[in-house]
Amino acid sequence: MSSAPERPRPVPAGIGDEAAPGLDGQLAALAELGWNRLELRTIDAVPIAEVDERAFARAARGIRDTGTDVVAVASRIGDWSRPATGDFALDLAELEVLARRCAVLGTRLVRIMSHPSGGLAEPGWGRRVRARLRELARRAEDTGLVLVHENCAGWAGESAERALELLAEVDSPALRLLFDTGNGVAHGYRAPEMLRALVAHVAHVHVKDAVTGPGGEVGYVLPGTGEAGVAACLELLAEHGYTGALSIEPHLHLRPHLRASGGDPGRGDRAAFVAYGHELERLMVRQWGAVPAPRSTEGAR
């Protein structure tokens with residue numbers, strides 16, 4: 001009698017600068033975990049779209065030489081540093097650069113957000129965001145990219161209703177959702193409840209966990225040990241047959257959003273990143289029964 005078909009599983013990945021500023025350290029941390037899937041945000045604290053051409057070419061070669069797959073690029077488009085009252089040309093220019101660079105890296109996914117208000121009141125804030133994302137999605141379609149909107153800073157970031165409204169109004173295959181399991185603790189919602197409403201539209205996942213300390217201060221902890229409901233989120237993803245990346249974003253030693261307020265964002269930590277990855281593996285075993293083996297690097301480009 002034949003055995004039951006294997007249950008589809010997502011793949012583990014990590015945002016590299018959470019392990020180390022430099023690419024060599026990022027790739028070494030993945031290798032220590034036995035993983036070969038990387039999400040790129042910065043190299044030596046420089047966002048991917050702003051890395052100079054020679055440095056980018058070296059980085060792309062280094063990634064290829066190790067047989068590593070880039071699962072996504074985390075951009076600054078619409079993020080906490082770019083309010084809706086700011087210059088939209090910055091987002092358009094970044095998307096143009098990333099369209100070329102993602103083709104080199106072999107990825108289609110670009111993480112975006114939907115702009116802090118910059119002092120705009122509703123409904124003007126929402127109208128401006130939706131108009132901007134329609135234009136971004138149109139350009140992404142033309143270049144083969146898929147923009148994945150994160151439940152973080154911005155008009156559509158803290159509400160399932162707004163996220164669904166954004167998807168409906170933009171109405172483009174080039175706009176999907178990125179769900180971060182840990183953002184609800186900081187933004188005041190239960191992540192599993194939001195995910196339940198959005199899971200059909202999720203194309204990428206960040207794994208993060210957090211706790212609320214004295215005075216409401218948010219602290220970040222190993223996945224599955226905090227208040228974010230990480231295990232419940234993974235269960236929902238499993239039920240829906242999610243097979244994309246689970247990309248760890250520990251925030252244990254690096255919090256990039258602090259730059260926007262002039263704070264010290266810290267820097268990546270390899271040992272903490274590896275420990276975080278092992279905790280994700282344990283959660284994956286509990287939910288899926290195993291962690292997928294890395295793609296073979298034999299004959300890597």
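Two residues are said to be in contact when heavy atoms of each lie within 4.5 Å. This tour uses that term throughout a predicted model, in which local features need pLDDT of at least 70, side-chain atom pairs count only at pLDDT 80 or more, and totals for chains, interfaces and linings use all residues. Residues are numbered from 1 along each chain as its sequence is written, and side-chain values use heavy atoms, with hydrogens and water left out.

**First stop: aspartate 91**

Select aspartate 91, which is found in helix α3; helices (H or I, at least four residues) and strands (E, at least two) are DSSP runs, numbered from the N terminus. Aspartate 91 is buried, with a relative accessible area of 1%. Buried means under 20% relative accessible area, with exposed over 50% and partly exposed in between (1.4 Å probe, protein chains only). Apart from neighbours within four places in sequence, aspartate 91 is in contact with Arg76, Ile77, Gly78, Arg82, His115 and Leu136.

**Second stop: the whole of helix α3**

Extend the selection to residues 88-105, the 18 residues of α3. The end C-alpha atoms of this helix are 25 Å apart, which agrees with the 26 Å expected at 1.5 Å a residue; the expected span is 1.5 Å times one less than the number of residues. At alanine 99 the helix α3 bends by about 25°, the bend being the angle between axes fitted to the seven residues ending there and the seven starting there.

At the start of α3, look for the side-chain oxygen of aspartate 87 that reaches to within 2.9 Å of the backbone nitrogen of alanine 89. After the helix comes glycine 106, with a positive phi near 80°.

Now colour the buried residues of α3, among them Phe88, Leu92, Leu95, Leu98 and Cys102. An α-helix has 3.6 residues a turn, so residues three or four places apart point the same way. The cover over the buried residues of α3 includes β2 (37-40), α2 (53-65), β5 (69-74), β6 (109-114), α4 (124-143) and β7 (146-154).

**Third stop: the barrel**

Show the strands in the order β1-β2-β5-β6-β7-β8-β9-β12, which form a closed barrel of 8 strands with parallel pairing. Two strands pair if DSSP finds at least two bridges between them. From one strand to the next, the twist averages 30°. Helix α1 (residues 23-33) packs on the sheet and touches β1 (11-15) and β2, its direction making about 145° with that of β2. Likewise packed on the sheet, α4 touches β6, β7 and β8, and its direction makes about 155° with that of β7. For these angles, axes are lines fitted to C-alpha atoms, for helices over the stretch in contact, and values run from 0 to 180 degrees between N-to-C directions.

Next, select β8 (residues 175-180) and β9 (residues 202-207), which run parallel and are joined by 4 bridges. Leucine 178 has histidine 204 of β9 as its bridge partner.

**Fourth stop: strand β12**

On β12 (residues 245-248), Ala245 and Ser247 point one way, Leu246 and Ile248 point the other way, and all are buried. Strand β12 pairs in the parallel sense with β1 over 4 bridges and with β9 over 3 bridges. Valine 11 stands opposite alanine 245, while serine 247 is the bridge partner of histidine 206.

**Last stop: proline 10**

Finish at proline 10, in the segment before β1. Is proline 10 buried or exposed? Proline 10 is buried, with a relative accessible area of 0%. Leaving aside neighbours within four places in sequence, its contacts are Tyr242, Thr243, Gly244, Leu246, Met284, Trp288 and Pro292. The C-alpha atoms of proline 10 and leucine 237 are separated by 8.9 Å, although their positions lie 227 residues apart along the chain.

Note on methods: Polar contact = N/O pair within 3.5 Å; in protein donor to acceptor, adjacent residues only side chain to side chain.
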